[in-house]
Amino acid sequence: MTETAQVRPVRPAPDSLTSFFWDGARERRLLIQKCASCGRFQHPPEPVCHHCLSFDLGAGEVSGRGTIYSFEIATQAFHPWFADKIPFVIAVVELAEQPGLKLITNIVEADLAAIEIGDEVQVTWHQLDDEFTLPVFRPVGG
Amino acid sequence: MSGKQRVAIVGVGYSTVGRNTGLSLDTLTAQASIAAMDDAGVTPRDIDGVVVHSFPHQYVSSTHTAAMLGIPDLAFYSSSVDGAAYAVAALHGIAAVASGSSDMCLTLRTVHRAGAAGGTALMGGGENAGVGGQFQFGMPYGSFTGAHFAGLYMQRHMAQYGTKEEDFGAFAVAQREYALRNPAESFFHEPLTIEEYMNSRYIAKPLHLLDCDYPVDSSSALIFTTEERARDLKQKAVFFDAWAMGTTAEADFSLVEDMTHSSPFMAARRMWSKTDLTPSDVGVAGLYDGFSFIALQWLEALGFCGEGESGPFAAAGNTRADGIIPTNTDGGACNVGRRHGANFFIEVTRQLRGTAGDRALPRKPAAGVVSNAVGGFAACALITAD
Ligand SMILES: [Zn+2]
């Protein structure tokens, strides 16, 4: 398929609420929205803190350490970009900084048959194109 | 009984249903509405409430639907695009009749096959525009559709409770048995074996193709009215006994607090708190099967089995016609196609009326339960024969 070369990745469209996340990722820093009033993280970003209803929200850098809350092996491409990526792992990772603080991501550099819920993972970076870098996760150790 | 007025189901109907009907959302909506009015023996002038649930990208307007049908004046209308599909329309309609806001309410769910699963249909803005809102934190990773939360929910249940892929498969096999007794509505006419289920391709392992409902163009309609008016109509009325919605604190389906204990548990607990009935009084269930795991989560949430036990419960045949809780006796949306929850209300109504034909259960039920959705939002209702 000659058109494969023209297929572009599915890119985020940041806005004033979310641009910090993608700006941080470009610098390979995992930034999560953090409430300046109560100190809690939340993701995805919202205009108001779920916990204390403050609008004074910023971004906090996190360690990038976490555990796999759940995962699946995507075997069907729902967009042409993924046609030559399957099979790949879609996961929900719970970050170490706060119970229940989770994000959707990919697990990379992993043996697909060996991944288990609860596995420890560490953030790494997947450069999508000239403009965007995705935080993804790889198994820690073993 | 939760409201002021007892609320009866007096008419049910479907549009033409198919993979590619070529019919517009409005045409399908009108067809289903007319079928339900014919079933009830009422005319547009009897109806003073219209409630529609649709996808935001397949919007169907309640006031336009009324105009299309020649309903001269609406006392109550609502067009929702958020939440638990048909059950949202149903619970709005129930609330309207129970509160006296409407005397006779037409409730609808219309869906087109194309793009109904979400995914790239939700992206908008052309291929290079990128994805905004919450989708920017999922789609760049390849998480596009309901299938992508479904695989995560199944995996979590399997890890937490030892549930097997074959357990989900057993549910799919049992549904197909019912579908074979519903040839007029089912799209599948051959028995399903567990081997065929296991050999069906993965969409997002552990999710198999045969865990997924069958996308179609469809519209479904039910008409609700007061007990007093119901007694004079064509069909034997059945009645809502209790109903409830539920949600989770986290709205994103992939990020809910607890995937194995999501909104069905909140809705079910709330519903049981409003009735004297218990699960043992319920003889038929219509549990949403957009993905088979959803019906299993409802079996647990509603108390038909213990939490975490739905896999072995289904594998033991307890959802079959002679089981503890006959479930999805029309074949479910995996077989009759995506009616987005409405088919469960319609089929349970038929079972309670005694008009289920070849699918009439060996033990005629006096009460049935219906449900919709999972994850971030859910709704359910109890229906009784009189
Ligand atoms: Zn706060």
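This report walks through a predicted model, taking the domains of chain B, then the chain A sheet, then the interface of the two chains.

## How chain B is split

Let's start with chain B, which is divided into two domains. Domain 1 takes in 7-116 + 215-230, while domain 2 takes in 145-214 + 238-386. So much for the bounds; next comes the spacing. The C-alpha centres of domain 1 of chain B and domain 2 of chain B sit 23 Å apart. Where the two touch, 36 residues of domain 1 of chain B and 30 residues of domain 2 of chain B take part in the contact.

## What the domains bury

Put domain 1 of chain B and domain 2 of chain B together and about 2700 Å² gets buried between them. Carbon and sulfur atoms give 72% of that area. On the domain 1 side, three residues stand out: B:Ile9, B:Tyr14 and B:Leu91 supply 25% of the area that domain 1 of chain B buries against domain 2 of chain B, more than any other three residues.

As for polar links, the count between domain 1 of chain B and domain 2 of chain B is 10 residue pairs in polar contact, with both residues at pLDDT 80 or more. There is also 1 salt bridge between domain 1 of chain B and domain 2 of chain B. For a salt bridge to look up in the model, try the side chains of B:Arg353 and B:Asp39, which meet at 2.9 Å, N to O.

## The domain 1 side of that contact

Which elements of domain 1 of chain B each supply at least two residues of the side that touches domain 2 of chain B? They are β1 (7-14), α3 (85-98), β4 (104-111) and β7 (218-226) of chain B. Of these, α3(B) gives the most to that side, with 9 residues. Sorted by class, the side of domain 1 of chain B that touches domain 2 of chain B has 24 nonpolar, 7 polar and 5 charged residues.

## A small piece of chain A

Over in chain A, 3 strands form an open sheet, in the order β2-β1-β3, with antiparallel pairing. The edge strands are β2 (41-42) and β3 (57-61) of chain A, each pairing on one side only.

Strand β1 (residues 31-35) of chain A runs antiparallel to β2(A), and 2 bridges join them. If you want a register marker, A:Lys34 stands opposite A:Phe41 in β2(A).

## Where the chains meet

Now for the two chains together. In the contact, 36 residues of chain A touch 37 residues of chain B. The area buried between chain A and chain B is about 3300 Å², with carbon and sulfur atoms giving 61% of it. In chain A, the residues that lose the most area to chain B are A:Tyr69, A:Phe78 and A:Ile104, together 21% of what that side buries.

How many salt bridges does the rule find across the interface of chain A and chain B? The number is 0. Polar contacts are another story: the count between chain A and chain B is 19 residue pairs, both at pLDDT 80 or more.

## The chain A side, and a shared pairing

Several elements of chain A each supply at least two residues of the side that touches chain B: α1 (19-26), β4 (65-74), β5 (88-95), β6 (102-107) and β8 (133-139). β4(A) gives the most to that side, with 6 residues. By class, the side of chain A that touches chain B has 24 nonpolar, 8 polar and 4 charged residues.

β4(A) also pairs across the chains: 2 bridges join β4(A) to strand β5 (residues 202-205) of chain B, and the two run antiparallel. Within that pairing, B:Ala204 in β5(B) is the bridge partner of A:Ala74.

How values were computed
Residues numbered from 1 in each chain as written. Chains lettered and ligands numbered in written order. Predicted model: local features only at pLDDT ≥ 70, side-chain atom pairs only at ≥ 80, totals over all residues. Heavy atoms only, no water. Domains from an automatic or database assignment. Contact = heavy atoms within 4.5 Å. Buried area = accessible area lost by both parts, 1.4 Å probe. Salt bridge = Lys/Arg side-chain N within 4 Å of Asp/Glu carboxyl O. Polar contact = N/O pair within 3.5 Å; in protein donor to acceptor, adjacent residues only side chain to side chain. Helix = DSSP H or I, 4+ residues; strand = E, 2+ residues; numbered from the N terminus. Nonpolar A, V, L, I, M, F, W, Y, C, P; charged D, E, K, R; others polar. Pairing = 2+ DSSP bridges.
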